[in-house]
Amino acid sequence: MSKPKFAMYWAASCGGCEIAVLNIHEKILDVDAAFDVVFWPVAMDAKYADVEKMEDGEITLCLFNGGMRNNENEHIAKLLRKKSKIMVSFGSCACEGCIPGLANFSSLTDMVDTAFSTITTDNPDNFRPQTSYAMPEGIITLPTLNPILKTLDQVVDVDYYMPGCPPESHQIAAVVDLVIAALEGKAQLPPRGATIGAGDSTVCDECPRTRNVKAIKEFGRIQMTHADPTLCLLEQGIPCNGPATRSGCNARCPSAGAQCIGCYGPAEGVVDYGARLISAFASVIDSDNPEEIDRILDGLVDPAGQFYRFNLAGSLLRASKAAQKG
Amino acid sequence: MTEETKPFEPVIIGFTCNWCSYRAADMAGISRMKYAPNVRLIRLMCSGRLDPTFVFKAFAGGADAVLVSGCHPGDCHYSTQNYKAMRRFHLMQRVLTQMGIEPGRTKLLWASAAEGQIFANAITKFVEEVRELGPLNWNTTTAAKEVAPEIPAEVPAEEVQA
């Protein structure tokens, strides 16, 4: 009997997800033992044509990371969806846009200008990448950029979501174990559309810091203050995204003295991550005076960046039909 | 009338609290006051119930503006929750601006149950202000333009060398 097939692909992402997969250490041997790795551009040589030749549903498990930045990303997402039984939206980029999704704050023109004509770019002739170019040998083409970055589930149906930037290795190992057990008939996969490899509570729930009453008179940046290492960071006026962020990372950042930046995405039941954080942050401001509230809020230098660092492409406003038109 | 000559009628979603502002709207109705029909009111028990998600969903679903209305500060039926609404509103407006939605498209209005006239006048004024702004334009209003001036034009060379 041939082994079930495994694929992993990266669209608009940094490659950290692949590293996280390899970071499961000797467990990767279990992956190799249980699966036949058929397509994984980062780790092995494979051609799109090989995938195109496969039967529909031939790949058992596909971990897809990265957002939909261009039409090549979308093409491969659709192709892998067709060829895969279980399509996992893997990592923050695929689930909610992540850092590449921050480009959705600006127009496509602004984004390209920033990439090709800022002071740190050596581009004296002000070249811009062209999507097709006539060479003596024929016309060569490059993928076309989407007006905005989309998440994977805005383009294809997704079976499971696995959040994290990148997903924690112990969570990946647990998911791999689960899928292997399910293939052997020893376990059951969660219902379709579920979030796997993460908790269903918030980072605050896992955070070891002590929480008392939050009453904030001033927001400060963590690098500008001497934060108490045992006390809740938000209580100390440091913008920590824990209250709206999904658990599953063992509160890694707050435990290490840094604020949660929200890479595990919205907690269970949160529709719009940023909106939930607006509620959480504003509620604990200790003032009833509009001017003082404004002064306190000035301490949050870039609120949209704070609240949507990972979630912009998946946010209600930026994922709306009107915004998707670009 | 053709599409071009039809005046732009803004769609405004209004969130009112059960105890003051919804009753102000009621009062305006009972008193047969006339005001612009562009606002669709949704009653909440308290303005403090207003989750910014509601506002974001309204904009995402095609609203041109959102009105949030509650009891006057100090008069909240649930003692202090309208202050909470105020804080959230201030922060929400900042985020919306960065997301490309002008501050003029959201309005916080205090109206007691007796202030039907104030409520009606405020709505008529708000509708005209939003009509002036035009339909919500997702293409041109980008946060990059709002944030850009804060980044220094000249990147200090000393910092780059490190």
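Here are a few questions and answers about this predicted model, looking at chain B and its contact with chain A.

User: Happy to start with the sheet in chain B: what is the order of its strands?
Analyst: Good place to begin! The sheet is open and has four strands, with parallel pairing. Strand E2 (39–44) and strand E4 (106–110) of chain B are its edges, each pairing on one side only. On average, neighbouring strands are turned by 20° against each other, direction ignored. The order in chain B is E2-E1-E3-E4.

User: Which residue is the bridge partner of Ile13(B) in E3(B)?
Analyst: Let's look at the two strands concerned. Strand E1 (residues 12–17) and strand E3 (residues 65–70) of chain B run parallel and are joined by five bridges. In E3(B), Ile13(B) is partnered by Val66(B).

User: What angle does the direction of helix H1 of chain B make with that of E1(B)?
Analyst: Helix H1 covers residues 21–30 of chain B and packs on the sheet. There H1 touches E1, E2 and E3 of chain B. Its direction and that of E1(B) make an angle of about 110°.

User: And the contact between the chains: which element gives the most to the side of chain B that touches chain A?
Analyst: Nice one to finish on. The contact takes 30 residues from chain A and 26 residues from chain B. On the chain B side, the elements giving two or more residues are helix H2 (52–60), helix H3 (81–98) and helix H5 (143–147). By class, this side has 15 nonpolar, five polar and six charged residues. With eleven residues, the element that gives the most is H3(B).

Definitions and conventions
Residues are numbered from 1 along each chain as its sequence is written. Chains are lettered from A and ligands numbered from 1 in the order in which they are written. This is a predicted model: local features need pLDDT of at least 70, side-chain atom pairs count only at pLDDT 80 or more; totals for chains, interfaces and linings use all residues. Two residues are in contact if their C-beta atoms, placed from the backbone, lie within 7 Å. Ala, Val, Leu, Ile, Met, Phe, Trp, Tyr, Cys and Pro count as nonpolar, Asp, Glu, Lys and Arg as charged, and the others, Gly among them, as polar. Two strands pair if DSSP finds at least two bridges between them. Axes are lines fitted to C-alpha atoms, for helices over the stretch in contact, and angles run from 0 to 180 degrees between N-to-C directions.
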